[in-house]
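Good morning, and thank you for joining this meeting. I would like to introduce a structure that is new to the group, beginning with the whole chain and ending with a single residue.

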Amino acid sequence: MNTVLTDSDKHHAKSHLQKLGPFIGTICRSPFVAKASSQKPVAAGAKLTHWIRHGQGFHNLIADLYREHGVDGSPYMNAALQDPPLTAIGRHQAEALCTHAEALLPGLVVVSPLARATKTALIAFDHLVGKVPFLAHELCREISGVNSCDQRRRVTEMAKDFPAIDYSLLESDADDFFQPDRRETQEELAKRGYQFLAWLRTREEAEVAIGTHSAFLFSLLNAAVVMEEADGTGLAAWFAAGEMRSLWIWFEDVTA
């Protein structure tokens, strides 16, 4: 399993932590507090969750090349990079998860509807395809807006490429969530992660795998849940491409 951060990853981690910092500990604390640990808690209803950042996508590769060669600007807004697939390296990173994934027992696999996260989860948990639900969820997609790489394709197109995925929770065929002229804020992203946890809490499955993205994971684990790790470190640190971490998550209701 890959755990090595690229220079782009390190840059993003620093930038996102600076923007997220003012909201850590001040939002996503009502009507419940979500807590997370690598150790199983005594709390009833705790869920064992396996969080996966997708393998290298073509947008990641091109961004690394921009940085390596000192090219100005960002490739992420290039319309040709809308919802990019995994590179060959990205597929190998996903395949490297298989041995670990085969030892896990999720009763549900949730995926971001963006192709790179969907494909990574399908490769890693190939042994469960047709045995447990694979469910696409809009709330666990990457930070959205402006960047073409974070705009999904139509459901009718995705369903042809990924027939094993259940897209019934997506409310529109087109990507109505994406705004071409406005990027989600860190506060909005954290609150969306909190909404995803609220949905996850309602599920009956005690063990769940989630295929998602680096910025979403960083915001979720630093602002939407409570952990012992210092901000942006340990289990809450930036994920490498194709990395999976397992966490116990439990929920404590807040009373007035």
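**From the whole chain to one residue**

In this predicted model, 82% of the chain's contacts with a separation of 6 or more are between residues 24 or more positions apart. The chain holds 8 helices and 7 strands. Its radius of gyration is 17 Å, close to the 18 Å given by the globule rule for 256 residues, so the chain is as compact as a globular protein of that length. Along the principal axes, the C-alpha atoms fill a box of roughly 50 × 45 × 35 Å. Of the 256 residues, 54% are buried. The accessible surface amounts to about 11500 Å², and carbon and sulfur atoms contribute 53% of it.

Let me turn to the sheet. It is an open sheet of 7 strands in the order 4-3-5-2-7-1-6, and the pairing is mixed. Strand 4, residues 134-136, and strand 6 stand at the edges; each has a single partner strand, so one side of each lacks a neighbour in the sheet. For strand 4, a parallel pairing with strand 3, residues 108-111, runs over 3 bridges. Within that pairing, Val 109 stands opposite Phe 134 of strand 4.

Finally, I come to Glu 243, in the loop between strand 6 (225-226) and strand 7 (244-253). Is Glu 243 buried or exposed? Glu 243 is buried, because its relative accessible area is 9%, under the 20% cut-off. Leaving aside residues up to four places away in sequence, Glu 243 touches Met 1, Asn 2, Thr 3, Trp 51, Ile 52, Arg 53 and Trp 238. In addition, the side chains of Glu 243 and Arg 245 are joined by a polar contact of 2.9 Å.

Methods
Residues are numbered from 1 along each chain as its sequence is written. This is a predicted model: local features need pLDDT of at least 70, side-chain atom pairs count only at pLDDT 80 or more; totals for chains, interfaces and linings use all residues. Side-chain values use heavy atoms; hydrogens and water are left out. Helices (H or I, at least four residues) and strands (E, at least two) are DSSP runs, numbered from the N terminus. Buried means under 20% relative accessible area, exposed over 50%, partly exposed in between (1.4 Å probe, protein chains only). A polar contact is a pair of N or O atoms within 3.5 Å; within protein, one must be able to donate a hydrogen and the other to accept it, and residues adjacent in sequence count only if both atoms are side-chain atoms. Contact means heavy atoms within 4.5 Å. Two strands pair if DSSP finds at least two bridges between them. The radius of gyration is taken over C-alpha atoms; the globule rule is 2.2 Å times the number of residues to the power 0.38. Accessible areas come from the Shrake-Rupley method with a 1.4 Å probe; for residues, only the protein chains shown count as cover.
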